[in-house]
Amino acid sequence: MERRKFLKAAGLVTAAAYVSPKIFADEKSSDASSVGDFSPAFEFPALPYAYDALEPYIDARTMEIHYDKHHRAYFTNFVNAIKGTSLETMPINEIFASMSKHSDAVRNNGGGFYNHVIFWNNLGKGSSGASPELSAAITKTFGSFDKFKETFNNAAKSRFGSGWAWLYINSDKTLAVGSTPNQDNPLMDLSAIKGTPLLTLDVWEHAYYLKYQNKRADYIDAFWNVVNWDEVNKRYQAALK
Ligand code: MN
């Protein structure tokens, strides 16, 4: 039960589980005991769909290597980096909020673990699009949905080297788009952009090189065909509370 309780707290009970931004972001862990059992024995979260589920936009071979090699390595290295330290019992949102005090291993692997969980869950086919509430907020912030996509695409294209593009919600509940280098994310105290993630795109070359080679822009365009808006809508609603 204890391990399950942690996984539930982290939104990782099942692969398809909603990863609550409340858990990772602004919610102060009044129930820190719920993650007290975070141990190296806990399971690597399953991918919420088959490797070929996002074809042809994201190919099965890329998904397999990305999930089973890259993501798994971040998970394993994160667990090893916090093993036997005080971070072992700290909620991951608090680890992120105090990241400037932690090692590069915790920063890179903790971010690598968490960012991919968000990413897998905000991908999928067949969602019904942004909710009326989120659509209205997007229009208010960016002028139109197309302008939002253009802003997001530019953030993804202009991130030099490896990193992530984000749609996130600020502490004042307004929307923003930006990018982070390497495995940083907007929950980290040392990040230049700060907020709760709603939608993310991995722009590391390992995310697209097999199919798109150097053409990051083509991968970014393809991404919009497999955004799981149902998940993004849920994160937005949770973050508003
Ligand atoms: Mn990746």
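Which residues touch the most other members of the largest nonpolar core? Hold that thought while we set the scene. This is a predicted model, where local features need pLDDT of at least 70, side-chain atom pairs count only at pLDDT 80 or more, and totals for chains, interfaces and linings use all residues. Residues are numbered from 1 along each chain as its sequence is written, and side-chain values use heavy atoms, with hydrogens and water left out.

**Exercise 1. Find the residues that touch the most other core members, then look at the surroundings of Leu201.**

Step 1: Pin down the term. A nonpolar core is a set of buried Ala, Val, Leu, Ile, Met, Phe, Trp, Tyr and Cys residues joined through side-chain atoms within 4.5 Å. Buried means under 20% relative accessible area, exposed is over 50%, and partly exposed sits in between (1.4 Å probe, protein chains only).

Step 2: Read off the winners. The largest core has 64 residues, and Phe148, Phe152, Leu175, Leu199 and Leu201 touch the most other members.

Step 3: Zoom in on Leu201. A contact means heavy atoms within 4.5 Å. Leaving aside neighbours within four places in sequence, the contacts of Leu201 include Phe119, Phe152, Trp164, Tyr219 and Phe223.

**Exercise 2. Sketch the order of helices and strands in the protein.**

Step 1: Know what counts. Helices (H or I, at least four residues) and strands (E, at least two) are DSSP runs, numbered from the N terminus.

Step 2: Count them. The protein has 10 helices and 3 strands.

Step 3: Put them in order. Starting at the N terminus, you get α-α-α-α-α-α-α-β-β-β-α-α-α.

Step 4: Add the overall picture. Of the 241 residues, 51% count as buried. Among contacts between residues at least 6 apart in sequence, 71% join residues at least 24 apart.

**Exercise 3. Work out which residues hold the manganese ion, and where His66 and His206 sit.**

Step 1: Use the cut-off. Donors are N, O and S atoms within 2.8 Å of the metal (3.2 Å for Na, K and Ca); water is not among the atoms, so sites may look incomplete.

Step 2: List the donors. His66 (NE2), His116 (NE2), Asp202 (OD) and His206 (NE2) coordinate the ion at 1.9 to 2.1 Å.

Step 3: Locate the pair. His66 is in helix H3 (residues 60–82), while His206 is in the loop between strand E3 (196–202) and helix H8 (209–212), so this pair links parts of the chain 140 residues apart.

Step 4: Check burial. His66 is buried because its relative accessible area is 1%, and His206 is buried too, with 18%.

**Exercise 4. Decide whether Asn122 is buried or exposed, and find its polar partner.**

Step 1: Place the residue. Asn122 is in the loop between helix H5 (104–121) and helix H6 (132–142).

Step 2: Compare with the cut-off. Asn122 has 0% relative accessibility, so it counts as buried.

Step 3: Look for polar atoms. A polar contact is a pair of N or O atoms within 3.5 Å; within protein, one must be able to donate a hydrogen and the other to accept it, and residues adjacent in sequence count only if both atoms are side-chain atoms. A polar atom of the Asn122 side chain lies 2.8 Å from the backbone nitrogen of Thr200.

Step 4: Check the neighbours. Not counting residues up to four places away, Asn122 touches Leu199, Thr200, Glu231 and Arg235, among others.

**Exercise 5. Trace what Tyr212 reaches.**

Step 1: Tyr212 lies in helix H8 and counts as buried because its relative accessibility is 10%.

Step 2: Its side chain reaches the backbone oxygen of Tyr57 at 2.5 Å. Along the chain, Tyr212 and Tyr57 are 155 residues apart, yet their C-alpha atoms are separated by 9.9 Å.

Step 3: Tyr212 also touches Pro56. The peptide bond from Glu55 to Pro56 is cis, with omega near 0 degrees.

**Exercise 6. Test the length of helix H10 (residues 229–240).**

Step 1: The expected span is 1.5 Å times one less than the number of residues.

Step 2: H10 has 12 residues, so it should span 16 Å, and its end C-alpha atoms are 16 Å apart, which agrees.

Step 3: The buried residues of H10 include Trp229, Glu231, Val232 and Arg235.
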